[in-house]
Every structure is written in structure tokens, then in C-alpha cells.
Amino acid sequence: MPQKVKVKNGNASNANPSWDVNPRLSSPGVFLQDSRMLFFRRWLAFLLAALAWSGCSSSNPSKPAAVLRKPLLLAPVPVRMAPQPTVTNVHPPLAKGSLGVLTNAVAETNAAVPKTTVSTNPPTDAHPHPEINLRNAFRANMPQWVEMGQWSTDEGVRLVSQAASGPKRFELHSNRGDLVLVNGSQTAYWNGQALMLSFAPQLSNNHPYLHRADLQHTVSPLLRKCVCGPHEGKVLVIDPGHGGDQSGSRTVVGKQLEKDLTLDWALRARALLANEGWRVFLTRTNDVDVSLSNRVAVAESLHADLFISLHFNSFSNSEYAGIETYCMTPAGMPSNLVRGSEDHMALPNNAYDDENLCWAVRLHESLVRDTLAPDRGVRRARFMAVLRNQKCPAVLIEGGYLSNRKEAAKLITGAYREQLAEALVKALARHE
Ligand SMILES: [Zn+2]
């Protein structure tokens, strides 16, 4: 439910009592006979009072600068920021929008407070609700939040704010696409497809704010530089999840095994990719158990240019359905889904953060559009051992929920898996 976060204006004289004037200096006392001492004490009192007024108190209780003196709380998610990107305009700056320039004032914000989801279970395909606890993150970590009016002006990105009847939306438009953001929601929409942010955007004094990590690792790459590149002659490694004794999940309808469905999907995709310019390899072509480290080693030995791991999902709540696409969480960001101990260290695959996102968005968009499966978004996580150490762009796709009757009934048909393969290939065959 919405959490009202109110940041009161500080009172500097309370926060800094040492600046208060000693009352003895302005009241009669035994030293009054000494006129030199009296002059000195009055002069000192005037000086201290002037200092107190100019530096530590506000005659205007709504003075925004007072916010800066409020002690900052510890954010619930420790974020060690990676170096900030060099800001270069790729488009001519637009005229300053109606939202104006950055202000430090944070009078009030209504923030949705998602539940914390931290699992210590070993990795499976069961995906609990993937949002993180953002309570107080906005007010506690204000320097990490960026006011979007000024940012969009600086970056030459068009910001459109929409006062809809529901949660306030705002949009960022560039010649690469449109990003729709919703105040208080971690779900954003890139060209209509869902994309999970690490922090829900916030609204303060009618100004939209985004967390710097999301700007750096998601918004900026998408709006300014998301290019998957030409693929002719490049090496694509497709990884059918599970195999052998590692069966994965089982469809609730038809009782088919995940390992067989992923292999079938991969083989269909390989056949369709025969004349699309890629040199295609699979980590397995039959029912064998390949360790996660060997799947990584296979890609490395082939000098892969792209690695795609194929899986299907399963969850205790059979209502869950749809496609999710994962790539590694950039260093310094909280993941959308956490399993085991979380960390914020850079991992080898973080060298490809922008390309990971580019491929994840492209593949996800094609899969959701062509299959009409529910869109569960592009997400970031670190638990995927098959991605962490990849030395090329790498994506893991969960092609549907085997635990959902309606979706399982589709997934056990060859026709639907052919659709999944075709959607994959459409995205891979694009030439821009
Ligand atoms: Zn799996």
C-alpha cells in the first residue's frame, strides 16, 4: 500500500544548539560595571547571533535548504555506486521543459512499498514476486535520485508528464524509442514491453525523480546507445536448460519435462537460423547433463559473441504465467530477484551490461509480441551461474510457466514451441 513519506523542514538552531547565544551575555550581571567588558560581550553576542541567523536557522520554515540538514537514514539496500557515465549529448538539447530545474526540496512523496523478497533456497525456476523493499529509500538516499526535468534537458531526451487519473505517468522519448515510467512502480515500459527497474520512480513537488543506478544502467543505454550490432559470421551459443538427471520442472498438463522442452525449442531455433548469418552452436543436442560451468566453458572455447540460455518456469502459485527475460544485474544495483546472498560486486559478465540489456529487450519484445504470452518483463538477477561468468553478452529466457494449466497446455505442443523458436529467430535475424 502507498507509504506516505514526509520530510519535515529542519530547524537549524535545534540541530546545532552550539550556535545559540548564551543568555548571560545579554542580561545584567556582575560584570556590567566594566564598560569595556560590556562592549566586548555585546559585540560578541551580536557576532554569534549574526552567525546563527545566517548559517544555521531558517526564517522561512519551508526553506528547502533545511532538508539537507536532516540526518540521512541508512538505505535498506546498500548501493555501492559504479563510476558515473560520461554525459555526452547525442542530440541537440531541447528547450527547458515546464518541470524546470533541479530542486533539493522534498516535501512529500507517495511511494509504493513493495514487499521484500529474499530467498535462501537453491536456484530453481520458481520465481516469487520479484520486487524489493524500497521503504524510505527515496528520502534516505536523496543524492542518488535525479530530477528528470533537468536530466532530460541535459541529455536531449524529451520528457512528457501525464497527469492521468491513476498513478502519475511520465514518458521519455528519444529516436531509439519510448520509455513509460509510473510513479511508485518498478515496472516501466520500453516501446510497450515491460521492463523492471531497480527502484520505483518517485514524485516530489510534482517533479519526477529516478534513481541514478536505473538511469545509468537501464534508461540511458536504452534511450541513447542500445545497439546489438551486426551479427554476420558471429558465434551464437544456445543453451537448452537442464538435461540428463537434471530434469527441471514438469508441465502441470501432460507431465512433460523442462529438459525436453528446452532442447526441442533450441533445436527448432537452430534449424530456423540456418541462413541468418549466425554460426550457431548448442551446449547440448541430446539428453545429457552438462554442468553449468561446462556450459560457460563451451561458450568461451567457441569465442561466443552471444549466449542464450533457454528455460521454462514453475511456481507454487499456478496463476503465474508469461515470459520473463533475465540478464545480469549491473554492479551497484539491487536485483529484481534475489536468491541466496546478494552482492554488489562486479562479475565477469558485467563487462557486457549494455549489450546484455539490448539483447534481453530485443528478444523479450519479439517473444511476447509473437506468442501473445503475458509480459512479465525484462529483469535483472545475479543468481544465474550460467550467466555470471560469461565473457560475452548473455541472456536467460524463461519461456513460460509449466505450473500454469493454460500456458502448459500450449507449451506441450510442437506448434507453440515452433512459435517460440520463430520469435527468437526474428529477434536474432534483425540487422540493426
Ligand atoms: Zn530451468
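These legends go with a set of close-up views of a predicted model.

**View 1. The whole chain, before zooming in: 11 helices and 18 strands.**
Start here to get your bearings. Of the 432 residues in the chain, 40% are buried. Take the contacts between residues at least 6 apart in sequence: 76% of them join residues at least 24 apart. The closer views below pick out a few pieces of this picture.

**View 2. Strand S12 sits between strands S13 and S14 in pairing terms, with a parallel partnership to each.**
S12 covers residues 235-240, and five of its six residues are buried, so call it mostly covered. With S13 (residues 279-282), S12 runs parallel and shares four bridges. One pair to look for here is Val235 opposite Arg279 of S13. Getting from S12 to S13, the chain passes through H6, and this β-α-β crossover is right-handed. The other partner is S14 (residues 306-313), again parallel to S12, this time over five bridges. In that pairing, Pro240 stands opposite Leu310 of S14.

**View 3. Helix H6, the crossover helix between S12 and S13.**
H6 has 15 residues, and the distance from its first C-alpha to its last is 21 Å, close to the 21 Å expected at 1.5 Å a residue. Its buried residues are Glu258, Lys259, Leu261, Thr262, Leu263, Trp265, Ala266 and Ala269. Those buried residues pack against strands S12, S13, S14 and S18, and also against helices H10 and H11.

**View 4. Leu261, a buried residue of H6.**
Zoom in on H6 and you find Leu261. What makes Leu261 count as buried? There are 29 other C-beta atoms within 10 Å of it, and the cut-off is 20 or more. Leaving aside residues up to four places away in sequence, Leu261 touches Gln256, Phe312, Leu411 and Arg417. Gly399 is worth a look too: it sits 138 residues away from Leu261 along the chain, yet the two C-alpha atoms are separated by 9.9 Å.

**View 5. Ser249, in the loop between S12 and H6.**
Is this loop residue buried or exposed? Ser249 is buried, with 24 other C-beta atoms within 10 Å. Look across to His311 as well: Ser249 and His311 are 62 residues apart in sequence, while their C-alpha atoms are 9.5 Å apart in space.

**View 6. Helix H11 (residues 414-429), a helix whose span agrees with expectation.**
At 1.5 Å a residue, the 16 residues of H11 should span 22 Å, and the end C-alpha atoms are indeed 22 Å apart. The buried residues of H11 are Arg417, Leu420, Ala421, Ala423, Leu424, Val425, Ala427 and Leu428. They pack against two strands, S12 (235-240) and S18 (394-401), and against helices H6 (258-272), H8 (353-371) and H10 (405-411). Arg417 of H11 also turns up in View 4, as one of the residues that Leu261 touches.

**View 7. A separate close-up: the open three-stranded sheet, in the order S4-S11-S10.**
Pairing in this sheet is antiparallel. S4 (145-147) and S10 (202-204) stand at the edges with a single partner strand each, so one side of each has no neighbour in the sheet. From one strand to the next, the twist averages 35 degrees. S10 and S11 (residues 207-211) pair over three bridges, in the antiparallel sense, and Leu203 stands opposite Pro208 of S11. Two helices come into the picture here. Helix H5 (residues 212-225) packs on the sheet, touching S4 and S11, and its direction makes about 70 degrees with that of S11. Helix H4 (residues 148-155) lies across S4 and S11, running at about 70 degrees to S4.

**View 8. Where helix H5 meets helix H8.**
The axes of H5 and H8 come within 10 Å and cross at roughly 75 degrees. That makes H5 roughly perpendicular to H8. On the H5 side, the residues at this meeting are His217, Thr218, Pro221, Leu222 and Lys225. On the H8 side they are Asp353, Asp354, Leu357 and Val361. H8 also appears in View 6, among the elements that the buried residues of H11 pack against.

Terms used:
Residues are numbered from 1 along each chain as its sequence is written. This is a predicted model: local features need pLDDT of at least 70, side-chain atom pairs count only at pLDDT 80 or more; totals for chains, interfaces and linings use all residues. The expected span of a helix is 1.5 Å times one less than its number of residues. A residue is buried if 20 or more other C-beta atoms lie within 10 Å of its own, exposed if 12 or fewer, and partly exposed in between; C-beta atoms are placed from the backbone. Two residues are in contact if their C-beta atoms, placed from the backbone, lie within 7 Å. Two strands pair if DSSP finds at least two bridges between them. A crossover is right-handed if, with the strands pointing away from the viewer, the path from the first strand over the helix to the second runs clockwise. Axes are lines fitted to C-alpha atoms, for helices over the stretch in contact, and angles run from 0 to 180 degrees between N-to-C directions. Angles under 35 degrees count as roughly parallel, over 145 as roughly antiparallel, 65 to 115 as roughly perpendicular and the rest as oblique.
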